[in-house]
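Reader: I should like a close examination of a single part of this model rather than a general survey. Please take one helix and set out its dimensions and its packing in detail.

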Amino acid sequence: MVKNAFISIISQEENRGSVEFQVVSFTNKIRRLTSHLEFHRKDYLSQRGLRKILGKRQRLLSYLAKKNKVRYKELISQLDIRESKTR
């Protein structure tokens, strides 16, 4: 997969505190939890954790969109995630 190759490249190169790295790591966790919840539908604690991680990622993405729109657009296109709704 192209997405996984991109994720591994970012994790090796970039600063672990950068917004992009944090969003990528949250995306990995989200995908892992989503596949877990497909098999364990009643695992409510994991559902809560998933919602918390989704919120953290959303806050980071909105911060990045405010600070640098080009990096934001590039990141969401490479990770294949939807653009956030504007309020």
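Author: A residue is called buried under 20% relative accessible area, exposed over 50% and partly exposed in between, with a 1.4 Å probe and protein chains only. Helices (H or I, at least four residues) and strands (E, at least two) are DSSP runs numbered from the N terminus. The model is predicted: local features need pLDDT of at least 70 and side-chain atom pairs pLDDT 80 or more, whereas totals for chains, interfaces and linings use all residues. Residues are numbered from 1 along each chain as its sequence is written, and side-chain values use heavy atoms, leaving out hydrogens and water.

The part chosen is α3, residues 44-67. The expected span of a helix is 1.5 Å times one less than its number of residues. For the 24 residues of α3 this gives 34 Å, which agrees with the 35 Å between its end C-alpha atoms.

The buried residues of α3 are S46, L50, I53, R57, L60, L61, L64 and A65. An α-helix has 3.6 residues a turn, so residues three or four places apart point the same way. Contact means heavy atoms within 4.5 Å, and the buried residues of α3 pack against α2 and α4.

A nonpolar core is a set of buried Ala, Val, Leu, Ile, Met, Phe, Trp, Tyr and Cys residues joined through side-chain atoms within 4.5 Å. In the largest such core, of 18 residues, V23, L61, Y72, L75 and L79 touch the most other members. Helices α2, α3 and α4 each supply at least two of its residues, and α2 gives the most, seven. Leaving aside residues up to four places away in sequence, Y72 touches L61, L64 and A65, as well as E83 and S84.
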